[in-house]
Amino acid sequence: MEDIFDPKCLTMSVLASPSMANFSGVVHGGELMKLLDQVAYACATRYCGCGVVTIGVDGMVFKNPIPIGSLIIFLASVNYVGSSSCEVGIKVISEDIKNRFVTHCVSSYFTMVAIDKGKKVQIPPLNPTTEIEKKRFEEAKKRKEFRSQ
């Protein structure tokens with residue numbers, strides 16, 4: 001398990017309530033996107049030490065619906081850092097808390113830019129050390145190169 005005090009990682013949870021439901025009785029995609037943006041903001045701000053704004057979202061794939069009453073778990077990490085921007089990867093898991101069953105529901109990648117007083121600011125470099133951090137870094141680097149084309 002990743003260290004909960006690691007500034008490049010963040011775990012958040014929220015209970016899927018009826019106010020989040022669409023007409024099919026599952027969490028509305030727009031509600032989930034709003035929560036994902038908040039998680040990306042919290043993760044990037046924690047790492048950067050200043051406010052951030054979202055400038056892009058890559059690869060949001062809705063794999064499975066999230067039933068109302070489920071615990072929605074967001075696993076976020078800073079995968080790549082440029083001079084003033086970073087990529088935050090987020091995996092969303094739905095937990096049926098009554099039956100103790102988990103389902104991978106969504107994965108997404110947010111690009112966030114560090115801002116202070118309306119200007120872009122430099123953020124600390126990312127030094128991946130574990131194999132998973134190195135893998136995430138390389139994959140994020142490829143996504144960045146693809147977006148540049």
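1. A cavity, as the term is used here, is a set of grid points where a 1.4 Å probe fits but cannot get out. The model under discussion is predicted. Its largest cavity holds about 60 Å³ of space, and the structure has one cavity of 30 Å³ or more.

2. The wall of the largest cavity deserves a residue-by-residue reading. The lining consists of Lys8, Cys9, Ser77, Val78, Asn79, Leu126, Pro128, Glu133 and Arg136. Strand E3 makes the largest contribution, with three residues, and E3 and H2 each supply at least two. By class, four of the lining residues are nonpolar, two are polar and three are charged.

3. Turning to the open spaces, the largest pocket encloses about 310 Å³. Fifteen residues line this pocket, and those closest to its centre are Ser77, Gly89, Lys91, Tyr109 and Arg136. Two or more lining residues come from each of strand E3 (71-81), strand E4 (85-96), strand E5 (101-116) and helix H2 (131-148). The lining is evenly divided by class, with five nonpolar, five polar and five charged residues.

4. Two residues merit attention when the largest cavity and the largest pocket are inspected together. Ser77 and Arg136 are among the residues closest to the centre of the pocket, and both also belong to the lining of the cavity. E3 and H2 likewise appear in both places: each gives two or more residues to the pocket lining and at least two to the cavity lining.

5. The second largest pocket has a volume of about 180 Å³. Its lining is formed by Pro65, Pro67, Ile68, Gly69, Ser70, Ser94, Glu95, Asp96, Ile97, Lys98, Phe101 and Thr103. E4 and E5 are the elements that give two or more residues to this lining, and E4 provides the largest share, namely three residues. The class composition is five nonpolar, four polar and three charged residues.

6. Which elements give two or more residues to the lining of the second largest pocket? They are E4 and E5, and these two strands also contribute at that level to the lining of the largest pocket.

7. On annotation, an unreviewed UniProt entry places the feature "domain: HotDog ACOT-type" at residues 6-118. Over that range the chain is 18% helix and 50% strand. The C-alpha atoms at the two ends of the range lie 27 Å apart. The span given in the record ends at residue 118, whereas helix H2, which contributes to the lining of the largest pocket, covers residues 131-148.

Conventions:
Residues numbered from 1 in each chain as written. Predicted model: local features only at pLDDT ≥ 70, side-chain atom pairs only at ≥ 80, totals over all residues. Heavy atoms only, no water. 1 Å grid on protein atoms, 1.4 Å probe; cavity = no way out; pocket = protein on both sides within 12 Å on 5 of 7 lines; lining within 4 Å. Points joined across faces, edges and corners; volume = space filled by probe spheres on them. Helix = DSSP H or I, 4+ residues; strand = E, 2+ residues; numbered from the N terminus. Nonpolar A, V, L, I, M, F, W, Y, C, P; charged D, E, K, R; others polar. UniProt positions renumbered as here; feature names shortened; annotations may be inferred.
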